[in-house]
Amino acid sequence: MNKLELKDEDLKAHINQLEKDDMAVFVMADGRLRGALFHGTRFVNQLRLQHNLGILETMVLGQASLCAALMIPMMKGEEHVSLHYDCNGPAQGFSVEADSKGTVRGYLFNDRIPVEKPLDNWNLKPFLGEGTLTVSTFHKGDKEPFTSTVQVDSGNIASDIAWYYRQSEQVSTAFFVSIQMDRQGRVTGAGGMFLQVMPETGGKKNNGAAKTSSSDKSADDDLLLRAETAFRTCPSLGQWFAEKGNFEDLIYGLFREFKPSIALKRSVRYDCPCNEEFFLNYIRSLPKDQVADIKQNGPDPLEVTCRNCGSVYHIETKNI
């Protein structure tokens, strides 16, 4: 990826005062709850730069990408997940990918979303509408991905992904993402969190009897609801990180009744494996008549843009 550098000196100065982008993975409630907290201020600013996005577009792709990042701790082994969100609103949807190495990339289907009147809130329902969310999971060695699709219509990307887990994975999960912007429309803070109830091991209750799925599901939902209620006492994550908040204060402060413990921290970045050589080899693999036409008629250099990260490459026809 051709990583673009932030030019706004005021925004750079603000970001440099914040904690580094990082993800803290934690467990609590005697291992029944797990979660992750992701500080993604630089992450969201990077994806905005790469795709040259406006305010609304940054909000949509930023929220989607934060959610994809939060799925990384749930991956097993070498895993790659793609989210394909098709909707009937003017945003049209997005495609976002994340992998177990800690990288996220993606793009909007419409990177210039039409807005008919000034926005007075960040309700994305008018721009997303109804649609489907398709999640495809790839493991190393798989010939075909495991794919599942659910209907979505909440207008809230984080809620729609939580709905996917409930419907497709049958796991009680909650996602929260937030992007804070100043009056100039600059991203001054961004973050996300997921909470998930872990299944009891062994398939038995403490007395050895078989578990009743409906009652256990209700108990799981209640545990998650209590954790969500505790979470809602904090400011938005975007505001928290914009105001120099840190991981420990948030996790240990909000969830103290559940006795949380941070298991590890890991880096997550907006990145893409694309490079000039990849696109050069792709062009060389085109039918011979198309390659000959490019060499003869140009343009020279040939400009190629990676849709996943917005990187632009200029390839001289003499190298094809």
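Trainee: Is D221 buried, partly exposed or exposed?

Mentor: Keep in mind that this is a predicted model. D221 has a relative accessible area of 23%, so D221 is partly exposed: the buried class stops under 20%.

Trainee: Which side chain does D221 meet in a salt bridge?

Mentor: That would be R166, with an N to O distance of 3.0 Å. The two sit in separate elements, R166 in helix 5 and D221 in helix 6 (residues 213-231), so look 55 residues along the chain to get from one to the other. R166 counts as partly exposed too, at 34% relative accessibility.

Trainee: How many salt bridges turn up in the whole structure?

Mentor: A full search gives 14. Let's take another one: the side chains of R186 and D8 pair up at 3.4 Å, N to O. R186 is in the loop between strand 8 (173-181) and strand 9 (187-197), while D8 is in the segment before helix 1 (9-16), so this pair ties together parts that lie 178 residues apart in sequence.

Trainee: And what are the relative accessible areas there? I'd like R186 and D8.

Mentor: R186 comes out at 22%, partly exposed, and D8 at 27%, also partly exposed. Don't treat the pair in isolation, though: through salt bridges with shared partners, D8, D182 and R186 are joined into one network.

Trainee: What about a pair inside one helix: how far apart are the closest N and O atoms of K12 and E9?

Mentor: They are 3.6 Å apart, and the two residues form a salt bridge. K12 and E9 are three residues apart in helix 1, which means about one helical turn separates them. K12 is partly exposed at 29% relative accessibility, whereas E9 reaches 51% and counts as exposed.

Trainee: Now helix packing. What describes two packed helices?

Mentor: The general idea is to give the angle between the axes and the distance between the axes. In this structure, try helix 3 (residues 55-70) against helix 5 (residues 157-169): the angle is about 35°, and the axes are 9 Å apart. As for handedness, helix 3 passes helix 5 in a right-handed crossing.

Trainee: Which residues meet where helix 3 packs on helix 5?

Mentor: From helix 3 you have V60, Q63, A64 and C67; from helix 5, I157, A158 and I161. Sorted by class, the contact has six nonpolar residues, one polar and no charged ones.

Terms used
Residues are numbered from 1 along each chain as its sequence is written. This is a predicted model: local features need pLDDT of at least 70, side-chain atom pairs count only at pLDDT 80 or more; totals for chains, interfaces and linings use all residues. Side-chain values use heavy atoms; hydrogens and water are left out. Axes are lines fitted to C-alpha atoms, for helices over the stretch in contact, and angles run from 0 to 180 degrees between N-to-C directions. Helices (H or I, at least four residues) and strands (E, at least two) are DSSP runs, numbered from the N terminus. A crossing is left-handed if the near helix is turned anticlockwise from the far one by less than a right angle, and right-handed if clockwise. Contact means heavy atoms within 4.5 Å. Ala, Val, Leu, Ile, Met, Phe, Trp, Tyr, Cys and Pro count as nonpolar, Asp, Glu, Lys and Arg as charged, and the others, Gly among them, as polar. A salt bridge is a side-chain nitrogen of Lys or Arg within 4 Å of a carboxyl oxygen of Asp or Glu. Buried means under 20% relative accessible area, exposed over 50%, partly exposed in between (1.4 Å probe, protein chains only).
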